[in-house]
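Biologist: Could you take me through one part of this model closely, the sheet of chain B and what surrounds it? I would like a connected account that I can follow with the structure open beside me.

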Amino acid sequence: MSARVTAARPPIAAPHLRRDAWWALPLTVVIVLGSFIVYSTWAAFQNAHYWAPPYLSPFYSPCLSATCLHVTFGYGLPEIQLPIIGILSPAFLILWGPGLFRLTCYYYRKAYYRSFWLSPPACALPDAQRRYTGETRFPLVLQNYHRYLWYVAVIFIVLLTWDAVLAFRFPRPAGGTEFGIGVGTLVMWANVILLAGYTFSCHSCRHVCGGHVDVFSKAPTRYRLWHVITRLNEQHPTFAWLSLFSVGLTDLYIRLVSLGVIRDLRII
Amino acid sequence: MPTVTMHVFRGDARGGDFKEYRVEADPGMVVLDLIHRIQATQATDLAVRWNCKAGKCGSCSAEIDGKPRLMCMTRMDLFNEGEPISVAPIRGFPAIRDLVTDVSYNYVKAKQVPPLRIKPPEPDGTYRMMQEDIDRIQEFHKCIECFLCQDVCHVIRDHEENKRAFAGPRFFIKLASLDMHPLDTVDRSAFVKDAAGVGLCNITKCCTEVCPEHIHITDNAIIPLKERMADEFFDPVVWLLRKFRSKKKQPA
């Protein structure tokens, strides 16, 4: 390495010279992402009001444990009891998948490295970390397994789509079910569409489906797939935020209907 | 003609400070025009590197109000009237004098990149590439080597010790363009991981934000390189599949 590389930088005392509101974006991310984490953790601990027939909250889908009220996958696994806390909730069987998918997502990495880690909080501002090894050491080196979480996320899209299909099947007062559409049905479909948009615009999806190919002309299907996912990928941050809101609001809607705070309007 | 207050860094590696200049700005002027006016009328010894004045040579990189930009592409009507504008050298590199820095780190890194080694020609003696084969890498060829991405990258801007093992965004573009080249035969995966240090990048996207050519450095070059590195070093399924396939590329 050239000796000049380590020569002195321009002697400017101020840590940065930006005069714009650079702090607004990281602060917004902290507030929004922090609020979602608090709400989803609270909702996961509730183990109640996640089911307002025919709607199942995405935080509790699929229902795997015997305590779950939704019958699609229920009656299977034993109840989950957290050590010490002792709280039962099927949500703990579920949320690790989508949670880790978002945690290792390339877009969210940018968001939380900037906003929570302050590494750096904004461009051309000093990094708050004194030592920096990026994603080369444990635990951050595990970010390289993001694609495996993407595979898990795809399974959740299938399950949530099934839940959205079941949201057309309303219970009859006399017993049995009938076809119908309620506001909750639309909420669940909007949620699954946004979640699918987020999942299939993922950078790892783009690579696995075609980005790994060097000679596209010899792999026309993968090229077309890569091309479509690339267009979607340009909107990945938008999908990341919209799907975060939608999944939280879907749970909230179903929770409020289940609690009787609001009434689900039947459209058909 | 409004008078603009400019705070321009004057000095070298031994010391320096911002000096205030009041200069008249004509409509349509860019920051480089005002720097030239200061140089012509008030500070004839002001050192500034420039060449094309058209955003294509990548010479006039600076930090204007703290943001890495090309001086020739920063219009004065971007700023609020009456507010002073600071012009500093790009702080990621050693100072030479005033607004000029020593960017030779980048030339050292450029020499380390394993070059393109194309496969043998087809039986008729020609090479064939389809448009879809090179669509991806044409974006990377827009790079003008202004090194604003290198300047803003906190991996080296704030951690001098990483310079040895980190190529920086400009060279990740270069590496991606070579690695995705349809005729290339070189396996750069070990170089990308160890010598270029793509794992050090935490994809905070500042390189993309400052690129005057609007190259999607992070999304289209760095993340695909990280995914290719994952193929090679982290994904056991891909590793297993490759055991059954002949390796097409040779180590660098």
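Modeller: In this predicted model, Thr3(B) stands opposite Glu24(B), a residue of strand S2 of chain B. That pair belongs to the contact between S1(B) and S2(B), which are joined in the antiparallel sense over 10 bridges. The two strands make a hairpin, with two residues between S1(B) and S2(B).

On pairing with S5(B), strand S1(B) behaves in another way: S1(B) and S5(B) pair in the parallel sense, over three bridges. If you look for one residue to fix this pairing by eye, take Met6(B), whose bridge partner in S5(B) is Ile85(B).

Put into the whole sheet, these pairings belong to an open arrangement of five strands in chain B, which follow one another in the order S2-S1-S5-S3-S4 with mixed pairing. Its edges are strand S2 (15–24) and strand S4 (67–70) of chain B, each of which pairs on one side only. From one strand to the next, the twist averages 30°.

Towards the S4(B) edge, strand S3 of chain B, residues 61–64, runs antiparallel to S4(B) and is joined to S4(B) by four bridges. Here Ile64(B) is the residue to find, since you will see Lys67(B) of S4(B) opposite Ile64(B).

Now consider how S1(B) sits in its surroundings. Eight of the 10 residues of S1(B) are buried, and the strand is therefore largely enclosed by the rest of the structure. One element lying over the sheet is helix H1 of chain B, residues 31–41, which lies across strand S1 (3–12), S2, S3 and strand S5 (85–88) of that chain. The direction of H1(B) makes an angle of about 70° with S1(B).

Between H1 and S3 of chain B there is a loop, and Leu46(B) is found in that loop. Is Leu46(B) buried or exposed? Its relative accessibility is 3%, and because buried means under 20%, Leu46(B) counts as buried. Apart from neighbours within four places in sequence, the residues in contact with Leu46(B) are Val8(B), Arg10(B), Ile35(B), Ile38(B), Gln39(B) and Asp98(B). Among these contacts, Val8(B) and Arg10(B) fall within the range of S1, 3–12, while Ile35(B), Ile38(B) and Gln39(B) fall within that of H1, 31–41. For a residue that lies elsewhere, take Pro114(B): Leu46(B) and Pro114(B) are 68 residues apart in sequence, and their C-alpha atoms are 39 Å apart in space.

For a contrast with Leu46(B), turn to chain A and to Ile268(A), which lies in the segment after helix H9 (236–259) of that chain. Ile268(A) has a relative accessibility of 54% and so counts as exposed, the cut-off for that term being over 50%. Together with Phe179(A), Leu186(A) and Ile267(A), Ile268(A) forms a nonpolar patch on the surface, and the accessible area of the four together is about 440 Å².

As background to that patch, chain A has nine helices and four strands, and 47% of its 268 residues count as buried. The accessible surface of chain A comes to about 13000 Å², with 70% of that area belonging to carbon and sulfur atoms.

Notes:
Residues numbered from 1 in each chain as written. Chains lettered and ligands numbered in written order. Predicted model: local features only at pLDDT ≥ 70, side-chain atom pairs only at ≥ 80, totals over all residues. Heavy atoms only, no water. Patch = residues over 30% accessible without salt bridge, like charges linked within 9 Å, V, L, I, M, F, W, Y side chains within 5 Å. Areas by Shrake-Rupley, 256 points an atom, 1.4 Å probe, with all protein chains shown as cover. Salt bridge = Lys/Arg side-chain N within 4 Å of Asp/Glu carboxyl O. Buried < 20%, exposed > 50% of the residue type's maximum accessible area, 1.4 Å probe, protein only. Pairing = 2+ DSSP bridges. Axes fitted to C-alpha atoms, helices over the stretch in contact; angles between N-to-C directions. Contact = heavy atoms within 4.5 Å.
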